[in-house]
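Please look at the two chains below, and at how they meet. The text that follows goes from the junction between them outward.

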Amino acid sequence: MATENLVYERPVAFTDTPTHYCPGCTHGVAHHLVAEVLQEMNIIEKTIGVAPVGCSVFAYNYFDTDFVEAPHGRAPAMATGIKRVMPDRIVFTYQGDGDLASIGMGEIVHAAARGENLTVIFINNANFGMTGGQMAPTTLPGMKTSSSQNGRDVETQGYPIKVAEMLSTLDGVGYCVRRSLHDPKNIRLAKKAIRIAFETQARGLGFAMVELLSTCPTNWGMTPVNSLKFVEEHMIPAYPLGDFKVSEAIKGIKI
Amino acid sequence: MAKELWKGNEAIAEAAVRAGLEAYFGYPITPQTEVLEYLSRRMPELGRTFVQAESELGAINMVYGAACTGVRVMSSSSSPGMSLMMEGISYIAGTEVPAVLVNVMRGGPGLGNIAPAQGDYNQAVHGGGHGDYQPIVLAPASVQEAIDLIALSFDLAEKYRAICMLILDGCVGQMMEPAEMPEMKPIQRGNWDWATDGKMGNRKRRVLSSIYLDPIEEEKMNLRLLNRWRTIEENEVRYKEYFLDDAEIVIVGFGTAGRVALSAVREARAAGIKVGLLRPITVSPFPHKIIEQLAGRVNAFLVTEMNSGQMLEDVRLAVKGRVPVEFYGRMGGVVPFPDEILSEIHRMTKSKLSADIHPRDAWLDRMAHI
């Protein structure tokens, strides 16, 4: 008789609500990793999430924690307000690239510069997902989107913004890395990074952000499998994976 | 407590602290900056939260976040900064969390200037942000009144889970006057059943948002806000009456314009003219009923404002054309002198007034000399 090994269990940090994400989208993976980390660190009870505007606007439906829903791009400011008056709680934002890197660039830069003890999960899928696949600041040069129909022309539409590299220059940042969700190995590495980003906050070691390269099969017009290949072949060369800032105190964190 | 000499902006800051302010988020802008400056020292001294935000957008969203946890939170700004806050104000209204805001108004539109004005009446009272909502708006005319109203603001905001905004012109913010501070109140966090302050093991999770994706649900929310507003209108209208008992002409003015008008009223009374003053304290909810009652027994109204006649329209709605309503305003940061209002009173006693011409048009013609 074959023995059965339990290899997957729905994290208790999740509610029973099925997600609205498209098939093949890696938002679901990112949500799982966050939920698993909240559970493993035993911090579900004291966590307050801040949802963005974008595809993950309904994130508050899926996590079994207190949640607020911010105006477009303002999640880091709202999170600042919560964390400053509730410093013993764990506060995280979950934001896409339209939210964080476009309309909310001011809020994220200054939250990072102030060294707010927040954890930011940043989903980079190179487009505005919710509104139907428009160009984002992270859209690759030449990439066709519904608002760069001839392909992003850097002469007139500018260059992609490398958020993790940019924020890593700020002294208030404790932990700032980029990971990818395109294969199991990278998903494991992403989870470890998310864990460290929450540990950073739990220890009061400053601002922590994990940028996650993500897929958007629907708006990219690709199968889920081809989307994963696109991340590997096109996104990673433009957005190299790596640790851009890990402060000395955080390097010592053992998990 | 004894009277001390207080500058309006600093008095507001200290009065807020004494009312239990736990967190302040702001951004420098003249003529409001002393609120921010004062609290940058005072709040840390008491172990409370102070953040100078990167912008008014940042500040209002920090207020929004802190408000969701149920603490007493405030921001302050001046006209252009308030415009930037309108997005967050709409969200706060849509999420039904209490917050106190102060607008020390200056000349506009645009960058305008830093002189005292009342040009943001419509933005504050009739909603500058998107969607259907109404904030409670209080208009102090002195440093003492600003102190008293800031404490009231926190109570009203919490009672109705609404925004309570103080609008004062630069005069009240910058002026120094003898005023009495209330005693320091200890911080008491309300035990709210809506605050997202972490489950902490003893309750179900809570979500605060302004999203109602189903239009029927959004409409229910709109109705809830409107019904709450009706309660606010029934219970929270505040105004001050001066010499109204036998008045034949009633001046209506808020804030500094109302205070300047009072000087003119006193002079006119000394000259035997039966004129009185109604000074709205709550410009929202607006004191419609008292104006409606007065319209049944007085000969005429004169609305004085430091804008182009924004409250004028609310007065006209209450008067319903029963008696003439005249208007006198100064704009762009110009503060009227009592003499100017006195000469308007004299004009009204001497000339035949008509309800046919719009008072703003008539006033514009009289302003042709400028």
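Two bridges join strand S2 (residues 66-69) of chain A to S9(B), and the two strands run parallel. Strands count as paired if DSSP finds at least two bridges between them; helices (H or I, at least four residues) and strands (E, at least two) are DSSP runs, numbered from the N terminus. In this pairing A:Phe67 stands opposite B:Val207 in S9(B).

The model is a predicted one, in which local features need pLDDT of at least 70, side-chain atom pairs count only at pLDDT 80 or more, and totals for chains, interfaces and linings use all residues. Residues are numbered from 1 along each chain as its sequence is written, while chains are lettered from A and ligands numbered from 1 in the order in which they are written.

The junction belongs to an open sheet of eight strands with mixed pairing, in the order S9(A)-S7(A)-S8(A)-S4(A)-S3(A)-S1(A)-S2(A)-S9(B). Strand S9 (242-246) of chain A and S9 of chain B stand at the edges, each with a single partner strand, so one side of each has no neighbour in the sheet. Helix H1 (residues 27-40) of chain A packs on this sheet and touches strand S1 (47-51), S4 and S8 of chain A, and its direction makes about 165 degrees with that of S4(A). Axes here are lines fitted to C-alpha atoms, for helices over the stretch in contact, and angles run from 0 to 180 degrees between N-to-C directions. Helix H2 (residues 75-85) of chain A lies across S1, S2, S3 and S4 of chain A, at about 175 degrees to S3(A).

Within the sheet, strand S4 (residues 119-124) of chain A is mostly covered, with six of its six residues buried. Buried means that 20 or more other C-beta atoms lie within 10 Å of the residue's own, exposed 12 or fewer, and partly exposed in between, with C-beta atoms placed from the backbone. In a regular strand the side chains alternate between the two faces of the sheet. From S4(A), A:Thr119, A:Ile121 and A:Ile123 point one way, and A:Val120, A:Phe122 and A:Asn124 the other. Strand S3 (residues 90-96) of chain A pairs with S4(A) in the parallel sense over five bridges, and A:Thr93 has A:Val120 as its bridge partner there. S4(A) also pairs in the parallel sense with strand S8 (residues 207-213) of chain A, over six bridges. In S8(A), A:Met209 is the bridge partner of A:Val120, and A:Val210 that of A:Ile121.

The contact between the chains takes 34 residues from chain B and 27 residues from chain A, where contact means C-beta atoms, placed from the backbone, within 7 Å. The elements of chain B that give two or more residues to its side are strand S2 (23-26), strand S3 (49-52), helix H3 (56-68), helix H4 (79-95) and strand S9 (207-208). H3(B) supplies the largest share, nine residues.

Chain B itself has 13 helices and 15 strands. Its radius of gyration is 21 Å, close to the 21 Å that the globule rule gives for 370 residues, so chain B is as compact as a globular protein of that length; the radius is taken over C-alpha atoms, and the rule is 2.2 Å times the number of residues to the power 0.38. Of the 370 residues of chain B, 53% count as buried.

How values were computed:
Two residues are in contact if their C-beta atoms, placed from the backbone, lie within 7 Å.
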